[in-house]
Amino acid sequence: MSEEPKPRRRQARGERRIAQLLQAAASVFCANGYTASSTNAIAREAHVSPGTLYQYFPNKEAIAIELGERLLHQMREAHGQAFTPENLALPLPGLLDAVVDPLIEFNCANPAFLALMHGSEVPGRIAEEHDELHATLLTRVQEVIAHYAPALPAEDRLRTAGMAFAAFKGGLDLVLAAPEGAERDATIAELKTLLLRYLSPLVESHSVESPVTTTPSR
């Protein structure tokens, strides 16, 4: 016999409780880092007893995996909005706005993402998925550079993509550290200026592929 489905109201309560615990975990991971965090601290932040927490998660690692998977899913959606065929039709400054803005918006709204993904003892499953996402993003950046600078050799394209991605990640740290408001907006604008000034000369000098020269036959 198949089990009877749980009442919808009970399922909804459970989903709300899980969301509450994950939100608390995000706050604790941001404040303490993954390694120094504990299930007791997460329970306190969620205003529940440790026993209630253990009804939903057996340990801190399980909480981190669930939170990490949800954040990775949201991050994939963010870069899916950034790297679109429509955006590739924009001039380079417009493309940078379309790519950088949703990625920064995601990280500002979810500071636990970097705190969790960069933890020294982050669960292996999450680390692997993060590495896959990182590789995917780097590939997307290479594709963007290939679109705007088709004459750039493949090895230079790879190097340029890595440098641009590293510059974005370094700038992102400064953006997150800046106070919200005018200072953060100015830091975002500075990051875009840095990327534009780095990429513009490459685009201008490699925007058209060089014709293949052939030696005329005698």
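How many salt bridges does the structure hold? In this predicted model, the count is 5. The paragraphs below take up several of the residues involved, beginning with a pair inside one helix and moving on to contacts between helices.

Within helix H4, which spans residues 60-82, Arg70 and Glu66 are found 4 residues apart, or about one turn of the helix. The two side chains form a salt bridge, and their closest N and O atoms are 2.7 Å apart. Neither end of this pair is classed as buried, because the cut-off for that class is under 20% relative accessible area. Arg70 has a relative accessibility of 37% and therefore counts as partly exposed. Glu66, with a value of 25%, is likewise partly exposed.

A second set of contacts centres on Lys192. One of its partners is Asp97: the two residues form a salt bridge in which the closest N and O atoms lie 2.9 Å apart. Asp97 belongs to helix H6 (residues 92-109) and Lys192 to helix H10 (residues 182-205), so this salt bridge ties together parts of the chain that are 95 residues apart in sequence. Asp101 also forms a salt bridge with Lys192, with 2.7 Å between the closest N and O atoms. Because Asp101 lies in helix H6 and Lys192 in helix H10, this pair too links parts separated in sequence, here by 91 residues. Through the shared partner, Asp97, Asp101 and Lys192 are joined into one network of salt bridges.

Which residue of this network is buried, and which are partly exposed? Lys192 has a relative accessible area of 17%; since buried means under 20%, Lys192 falls in the buried class. Asp97, at 34% relative accessibility, counts as partly exposed. Asp101 has a relative accessibility of 34% and is partly exposed as well. The network thus brings a buried lysine in helix H10 together with two partly exposed aspartates in helix H6.

A further residue to locate is Glu143, which is part of helix H8 (residues 124-148). Its relative accessible area of 46% places Glu143 in the partly exposed class, because residues count as exposed over 50%. Along the chain, Glu143 and Ala161 are 18 residues apart, and in space their C-alpha atoms are separated by 8.9 Å.

To review the salt bridges described here, Arg70 and Glu66 pair within helix H4, whereas Lys192 of helix H10 pairs with Asp97 and Asp101 of helix H6.

Conventions. Residues are numbered from 1 along each chain as its sequence is written. This is a predicted model: local features need pLDDT of at least 70, side-chain atom pairs count only at pLDDT 80 or more; totals for chains, interfaces and linings use all residues. Side-chain values use heavy atoms; hydrogens and water are left out. A salt bridge is a side-chain nitrogen of Lys or Arg within 4 Å of a carboxyl oxygen of Asp or Glu. Buried means under 20% relative accessible area, exposed over 50%, partly exposed in between (1.4 Å probe, protein chains only).
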